[in-house]
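Open the model in your viewer, colour it by chain, and follow the stops below in order.

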Amino acid sequence: MQQFLNVTLTGLGQGAIYAAFALALVLIWRSTRIVNFAQGAMGMFTTYLALTVIEGGQSYWVGLVVALVAGLVLGAVIERLVIRPVEGGPELNAVIVTLGLFVALQALAAILFGSTFRSFPAPFDLRGFTVGGVNIAFTANSIYVIVAVVVVMLALVVLFRFTDLGLQMRAAAFSQEVSRLLGVRVGRMLTLGWALAAVVGSLSGLLIAGGSLVFPAYMDAVIVYGFVAAVLGGLDSPGGAVVGGLTIGLLLSYVSGYLGSELVALAALAILVAVLLVRPQGLFAHTAARRV
Amino acid sequence: MSTGRLEVRGISTSYGPVTALDGVEVVAEPGKITAVLGANGAGKTTLLRTISGLVRPQAGQVLLDGADLTKAPAEAIARAGIAHVPEGRGVITELTVEENLRLGALLGASRRKTERGLAQVYEMFPPLAERRRRDAHVLSGGERQMLVVGRALLTGPSVLLLDEPSLGLAPRIVAQIFELLRGLVDAEGVTVLLVEQNARSALSIADVGIVLNLGRVVARDDAATLAADDALRHAYLGF
Amino acid sequence: MSQETREAPVTASPPPAGGRLAGLLRWRPRSTLGRHALLVLAALVAVVLVLELTSPFRNSQFATMSYYAIAAAGLTVLTGLNGQISLGHGALMAVGAYTTGLLLGEEGDGALPLLLVMLIAAAVTALVGAVVGAAAARLHGPYLAGATLALAVAVPGLAIYFDHVFGGEQGLRIDSPEVPGWFDATIYFLFAHETPGAKYLAYLGWGTLLLVLLLLANLMAGRVGRVWRAVRDDEVAAELAGIRLGQVRVLAFVVSAACAGLAGAVLGVVVRLAAPSGFTIVLSLGLLTAVVVGGLGSLAGALLGSALLVFLPPAVTNLGIAAGLDGTQAAQLAPFVYGVVLVLVMLLAPSGFVGVLRKVRARRGSSRRTG
């Protein structure tokens, strides 16, 4: 029983992070119809920036701000310079560009920050709570993780549903041409979309790193799991990304806990294939099944 | 709403090797409905898309009150006061009715003006008011047309470009919408460029008519004169 | 061979204008197979000369290039000709390598001859390719990329999980094949050179590569190639023309998987090891870089890209060390350059090196005509 509880709680914590990452992917997919395979590498890079700042003597929170701002800038710059030329062209080109970014960023991080494993601080206690004399795998830090993700998601919901800017971004994502005819500066909306997604990606990178080790490839698996989560929820659905993320977090945690951690990647693959074969538009797509 | 004089001078637009427009000259006066007529493929939609900036012409100019808008991006042209209701209407179906309208109202200045504008549109088109919180895809064809016209009006345009508003609509609704247009032009003095395949209905409310054929202007006259010209009607307008 | 990606009419050249010797020199075989075979024969001669005249170190580099090229050739056909992107070809190479490892064993005590083992490895990988291809047949663009990426990440995990079969993290050791007596004797007879293991492996790799290139070139120029291109360019039209999309896609996957499996087998005997660390995402992405930079759908491009994959990293690393980076950092300079090159190629020259060449040739041809 205790193991089940622990595995579940771990899964929820991980799931929250996958949810954030999947949300970043969905944001970019909705606005530019591109899957940003470099999202993890971007998050990894900004996390390293935060680490540099923290090891230079600043607090975790300063590092957090640095990472988020860096993410904002990085996302905007990448969209404007690298992605804009391939938007609207053959899908293959955009896929390859994001993969190139992925490889380049990872190598750059290794050059600038080294390939060795470095530990990243966690802002809160990492010891599990003791409930009724039993130690469970839920820590103060886990609470922070979940709260951070929830706050960011609520902020995004408020932005998109209740502000004019959010309305413009959604319109630009759904129908570029019509939006332009209504005076929406679509280019700026796309850049903003990438910038916001990168902020969310940076947050994911930080949350995963907290209390753990970072190395240039540490976000590689997250890209895959985040992608599976986004596909599970439906690439067009932010709500789906959240549910997908939590689901994947739980499922993979069970696989890791009961079957072995080497099989986690295989389980992710199996889930992905199952979703793509059975319900390719994802669980929450309300639009007609998109051509997958 | 302000008024504006739209001039299209010697516009030639091509899609790759295909010439869609060849040296087209059009003048649309404020307070008048200028109908652009012709068969399928005559270049009518391309003309509107060139004016609104979705397509770049290879030659020629688009002038609004003398200002050259030819090379401006579409969003800048919209902000300059040219509202284009595109072919297929352009309802953003993933947004609600009200959100679609608000999108248009964003070009208007203040919050109060938006609320007033919305109220006006709802008064003009009661079916929209009934469904204001629903996703736009639940609207019927006629209601969608109302939505996009209302949305375009909310941008406070000086020029209104309409691409085949009657397409797919019942004659009764078409008559309603055309009547509304005529009333709008008479009351506010907006410039309207109306592209239509339904030449008969278009000429009945238009002041001036222009006929395109294979990318060229083949006739230009008062609407009444065009409607009375049997040979022309048979050759290019199908009635 | 890059011409073969176009819809080039297959005709013999017109009768010679003058002189019997000139005519003989201008003779071209009538069939595509003939032309390709001739090219391959010429290439074989070139390979022999190069391998005999270069050092064992270079020979082993060429051996490495050969297995990248085999996999890249299969990938470029899949992605360039049929339009399906795969980020999982590294995993398919792993299947080939592990199969070879299981069959050949550490002491070479498997009773099967090497060529048969390689064929089996290709067949097994082709089977896996059929399964993957069937699952992938309905996927496009980013979904396909994501799914194959997931495959690339999952396969090493499998090898670690079933460590009693696959040797876990350390992998399977593979015995290097002995140089056959007749081969050694022939080379000595022709060049008075010995044949160390590294050189023989290079011959093995390149022999396989040339055979693969011949087969693929014929495939591409024939009906199958045309059908694949049709599916890539316009699915709806192809389907309306009676082409079974699913079958075509799966077949393309099977062919490219067989190539990857063969490449994995060669990798196995060259590196003498089949281990998870040898088949990371970087391998799959490296293959993708090779085919993109060379030019999607072009076999010559695949060759070029593979050469880049093998010969660029040491050059770049040396540059890095000269510029003051330490060893490990300089080693990362190569993947950094790949990534940047990949992005730049997509932005500036999406048709790759071969595509650029073609455009230059076309422009020069037209200016000659008008000038």
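Two residues count as being in contact here if their C-beta atoms, placed from the backbone, lie within 7 Å. Keep in mind throughout that this is a predicted model.

**First stop: where chain A meets chain B.** Select chains A and B together, and you will find a contact that takes 16 residues from chain A and 19 residues from chain B. On the side of chain A that touches chain B, helix 6 (164–174) and helix 7 (176–181) of chain A each supply at least two residues, and helix 6 of chain A gives the most, with 6 residues. If you colour that side of chain A by residue type, it divides into 8 nonpolar, 3 polar and 5 charged residues.

**Second stop: the other chains.** Now bring chain C into view; of the 2 pairs of chains in contact, it is chains A and C that share the most contacts. Chain B and chain C, by comparison, are joined by no contact, and their closest C-alpha atoms lie 19 Å apart.

**Third stop: chain B as a whole.** Hide everything but chain B, which has 10 helices and 10 strands. Its radius of gyration is 17 Å, close to the 18 Å that the globule rule gives for 239 residues, so chain B is as compact as a globular protein of that length. Its C-alpha atoms fill a box of roughly 45 × 40 × 35 Å along the principal axes, and buried residues make up 46% of the 239 residues. Among the contacts in chain B between residues at least 6 apart in sequence, 71% join residues at least 24 apart.

**Fourth stop: the sheet of chain B.** Select strands 6, 7, 8, 3, 9 and 10 of chain B, which in the order 6-7-8-3-9-10 form an open sheet of 6 strands with mixed pairing. Strand 6 (82–85) and strand 10 (216–222) of chain B stand at the edges with a single partner strand each, so one side of each is left without a neighbour in the sheet. From one strand to the next, the twist averages 15°.

Zoom in on strand 9 (residues 208–213) of chain B, which runs antiparallel to strand 10 of chain B and is joined to it by 6 bridges; B:Val208, for instance, has B:Asp222 in strand 10 of chain B as its bridge partner.

**Last stop: helices on the sheet.** Add helix 1 (residues 44–52) of chain B, which packs on the sheet and touches strand 3 (33–37), strand 6, strand 7 (159–163), strand 8 (191–196) and strand 9 of chain B. The direction of helix 1 of chain B makes about 145° with that of strand 7 of chain B. Finally, select helix 10 (residues 230–237) of chain B, which also packs on the sheet, touching strand 3, strand 9 and strand 10 of chain B.

Notes
Residues are numbered from 1 along each chain as its sequence is written. Chains are lettered from A and ligands numbered from 1 in the order in which they are written. This is a predicted model: local features need pLDDT of at least 70, side-chain atom pairs count only at pLDDT 80 or more; totals for chains, interfaces and linings use all residues. Helices (H or I, at least four residues) and strands (E, at least two) are DSSP runs, numbered from the N terminus. The radius of gyration is taken over C-alpha atoms; the globule rule is 2.2 Å times the number of residues to the power 0.38. A residue is buried if 20 or more other C-beta atoms lie within 10 Å of its own, exposed if 12 or fewer, and partly exposed in between; C-beta atoms are placed from the backbone. Ala, Val, Leu, Ile, Met, Phe, Trp, Tyr, Cys and Pro count as nonpolar, Asp, Glu, Lys and Arg as charged, and the others, Gly among them, as polar. Two strands pair if DSSP finds at least two bridges between them. Axes are lines fitted to C-alpha atoms, for helices over the stretch in contact, and angles run from 0 to 180 degrees between N-to-C directions.
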